[in-house]
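Let's take a walk through this structure together, moving from single residues to the place where the chains meet. Please keep the view open as you read.

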Protein chains: 2
Amino acid sequence: MAKIKCVFSYDGTHFSGLQTQPHVRTVQGELEKALTKIHKGTHIPVYPSGRTDRGVHAKAQTAHFEPVFQLSPIEWKRALNSMLPADIFVAETAEVPASFHARFDVVEKEYRYYILNETEPDVFRRNYLFHFPHQLDVTRMQEAGHYLEGTHDFTTFASAKADIKGGRVRTLYDVSCQQDGGEIVIIVRGDGFLYNMVRIIAGTLLDSGRGRLEPSSIADMLAQKDRRFGGDTLPPQGLYLWQVTYDDTF
Amino acid sequence: MAKIKCVFSYDGTHFSGLQTQPHVRTVQGELEKALTKIHKGTHIPVYPSGRTDRGVHAKAQTAHFEPVFQLSPIEWKRALNSMLPADIFVAETAEVPASFHARFDVVEKEYRYYILNETEPDVFRRNYLFHFPHQLDVTRMQEAGHYLEGTHDFTTFASAKADIKGGRVRTLYDVSCQQDGGEIVIIVRGDGFLYNMVRIIAGTLLDSGRGRLEPSSIADMLAQKDRRFGGDTLPPQGLYLWQVTYDDTF
């Protein structure tokens, strides 16, 4: 039977994260519930590219599943969207080779962290950006970001709870900061991310932007390999899993 | 004691409308709860410029209240925001003459209705715009809007449940339609609005935009003075009370 890859967005506000857990509402749980309904009760597992935490959003998360009966990709898209709640939307579906795995075949992920840098909060965006009312220097944040690019041990920038299986060395291809009016976005692209890594990077760049941290001290922080030297973990509502990239063969 | 005017925004998603009602969460209820806390239990009523329905937002609603103890306007702003939930924000506070009344002294209100006119929905904006996936001709919508400008009996464009005390004649100063990418906004300014009037106007302009209604037939619809001739009532999440204007003396 065909293997289906699907790309979907979700508003993380009302989910207890991505991963299926008993008794709570999760994104994976809702996807599996939809597939189970379509399959008249047969449970079909969904394999996502990775987890996201409670309150974290996804612009383009990716997963695969192996349905028991045959529908075309566009029919899968329609069937899933007709069953899913309004805070998940399947944007793309495609048939992939049996060898494809949404988690193991990832070659790059992009995360974005959105900051509303205005004096006053915005009630309409409170769940979609992190509100920081004090002045930020985006040039300094950008400079700090450059020190994180490349291959490093990111222990300083990962939750102490992060799984150490597979080590803590990751490669960041690009860390950039852009400002558009009162909105600042931190864009991070890499081959993989440790637990809370983007939120801690965002917290560290924020310290740089507000003048508490010299951008050049990032190199020392990395060398410490100790979470206590990293910045705060910023709250989840500013974070988006933006893009998951696979090899061209998929 | 001073009378305080305050301008506030709210995300209507999780409110059962503006007006205080028993056993449900309302905007006025939350404001009065905050004022009561500040007054150590003394109930202070809040007088808004008018009601908004369940799910309807406000960018700048206005209300007044008469506190029992004295704070400067900026202290009132801080005190209220420190007590209010995250989906209400007081943006401005000012001392006004004792003769001021937030409802009776309104000279103009502006409402905006936001439509997401893209093929696919946006999970992040589902509570903040009305998603309409079919093609709309904004020029036709704008043309239809012009027929509503001026002084008319708006019975056709009001809920049959609308209070008829004070009649159904209102003056619309401006009805305009603007497009910005996939976003269409209908802006309506007038001296007063009947129950559901903006949502029915938006539904009628939508009929025009999708080619179901000739803009010029709006004149006949008005002349019928019968709700059955008006368009559908669009859902609340696209609607924003955008601005309330008072006489210069306030």
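**A guided walk through the two chains**

Lys40(A) counts as exposed, at 78% relative accessibility; here buried means under 20% relative accessible area, exposed over 50%, and partly exposed in between (1.4 Å probe, protein chains only). You will find Lys40(A) in the loop between α1 (27-38) and β2 (46-48) of chain A, where helices (H or I, at least four residues) and strands (E, at least two) are DSSP runs numbered from the N terminus. Although Lys40(A) is not a glycine, its phi is positive, at about 55°. Most residues other than glycine have a negative phi.

Before going further, a word on the ground rules: this is a predicted model, in which local features need pLDDT of at least 70 and side-chain atom pairs count only at pLDDT 80 or more, while totals for chains, interfaces and linings use all residues. Residues are numbered from 1 along each chain as its sequence is written, chains are lettered from A and ligands numbered from 1 in the order in which they are written, and side-chain values use heavy atoms, with hydrogens and water left out.

Chain B offers another positive phi, of about 50°, at Lys225(B), which is not a glycine. Lys225(B) sits in the loop between α5 (218-224) and β10 (239-246) of chain B. In chain A, the loop between α5 (218-224) and β10 (239-246) holds Arg227(A). The C-alpha atoms of Arg227(A) and Ser159(A) are separated by 6.8 Å, with their positions 68 residues apart along the chain. Beyond neighbours within four places in sequence, Arg227(A) has contacts (heavy atoms within 4.5 Å) that include Thr155(A), Ser159(A), Ile200(A) and Asp232(A).

Now turn to Thr119(B), in the loop between β5 (106-116) and β6 (130-131) of chain B. Is Thr119(B) buried or exposed? With a relative accessible area of 66%, Thr119(B) is exposed. Setting aside neighbours within four places in sequence, Thr119(B) is in contact with His131(B) and Pro133(B).

Helix α2 (residues 73-83) of chain B gives a view of the interior: Trp76(B), Lys77(B), Ala79(B), Leu80(B) and Asn81(B) are buried there. Their cover includes β1 (3-10), α1 (27-38), β3 (57-65) and β4 (88-96) of chain B. Two cysteines of chain B are buried as well: Cys6(B) has a relative accessible area of 2%, and Cys177(B) comes to 9%. Over all chains the count of disulfides (pairs of cysteine sulfur atoms within 2.5 Å) is 0.

How many residues does each chain bring to the contact between chain B and chain A? Chain B contributes 20 residues and chain A contributes 20 residues. About 1,700 Å² is buried between them, with carbon and sulfur atoms giving 63%; buried area is the accessible area (1.4 Å probe) that two parts lose on being put together, summed over both. On the chain B side, Val123(B), Phe124(B) and Arg126(B) lose the most area to chain A, together 39% of what that side buries.

Arg126(B) also helps line the largest cavity, alongside residues including Asp11(A), His14(A), Arg126(A), Tyr128(A), Asp11(B) and Tyr128(B). The lining divides into 2 nonpolar, 6 polar and 4 charged residues.

Conventions
1 Å grid on protein atoms, 1.4 Å probe; cavity = no way out; pocket = protein on both sides within 12 Å on 5 of 7 lines; lining within 4 Å. Nonpolar A, V, L, I, M, F, W, Y, C, P; charged D, E, K, R; others polar.
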